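Subject: A structure for you to look at

Hi there,

Here is the structure I promised to pass on. Have a look at it first, and then read my notes below.

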Amino acid sequence: MSKMNEMAQTIEELRTAAAAISDIADWLTAQFGGTDDKQQSNNTAAETPKPKAKLTLEQVRATLAEKSRAGHTAEIRALLQKYGAAKLSQIDPANYEALLRDAEVLDNAT
């Protein structure tokens, strides 16, 4: 792996960690943010969604590469075009999860 790829991966991991810390801070604020009523605090805990790890470019790339090696290269290219890109690095990270859901269907279609 080149130095630039390693740096990009490290930056993405730091962003993921920062997002997780922010989610935890939000949860802690909701839990202990001045509510005196224990029941109200328990209700807030039940409503707070668990932090969800964000997908990284490298994780998506690995999954799509596996699908491509399995003979789905043309379908992968079509999926990238569906999300408005010619290559994976042009895909909006907000669309990674949906892209992977679409890619999972490829094995079932053959």
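The chain has four helices and zero strands, so following the sequence you meet the pattern α-α-α-α. Please keep in mind that this is a predicted model.

Some totals for the whole chain may help you get oriented. There are 110 residues, and 18% of them count as buried. The accessible surface is about 8100 Å², with 54% of that belonging to carbon and sulfur atoms. If you take the contacts with a separation of 6 or more, 57% are between residues 24 or more positions apart.

I then picked out two loop residues for you to find.

Start with Thr 56, in the loop between α2 (38–47) and α3 (57–82). Is Thr 56 buried or exposed? Its relative accessible area is 13%, and because buried means under 20%, Thr 56 counts as buried. Setting aside neighbours within four places in sequence, Thr 56 is in contact with Glu 12, Thr 16 and Tyr 96.

Next, go to Ile 91, which sits in the loop between α3 and α4 (96–109). Ile 91 is buried too, because its relative accessibility is 3%. Which residues is Ile 91 in contact with, leaving aside neighbours within four places in sequence? They are Leu 80, Tyr 83, Ala 85 and Tyr 96. You can also try a distance: from Ile 91 to Gln 81, ten residues apart in sequence, the C-alpha to C-alpha separation is 9.4 Å.

While you are there, look at Tyr 96: it is among the contacts of Thr 56 and also among those of Ile 91.

Happy exploring!

Key:
Residues numbered from 1 in each chain as written. Predicted model: local features only at pLDDT ≥ 70, side-chain atom pairs only at ≥ 80, totals over all residues. Heavy atoms only, no water. Buried < 20%, exposed > 50% of the residue type's maximum accessible area, 1.4 Å probe, protein only. Contact = heavy atoms within 4.5 Å. Areas by Shrake-Rupley, 256 points an atom, 1.4 Å probe, with all protein chains shown as cover.
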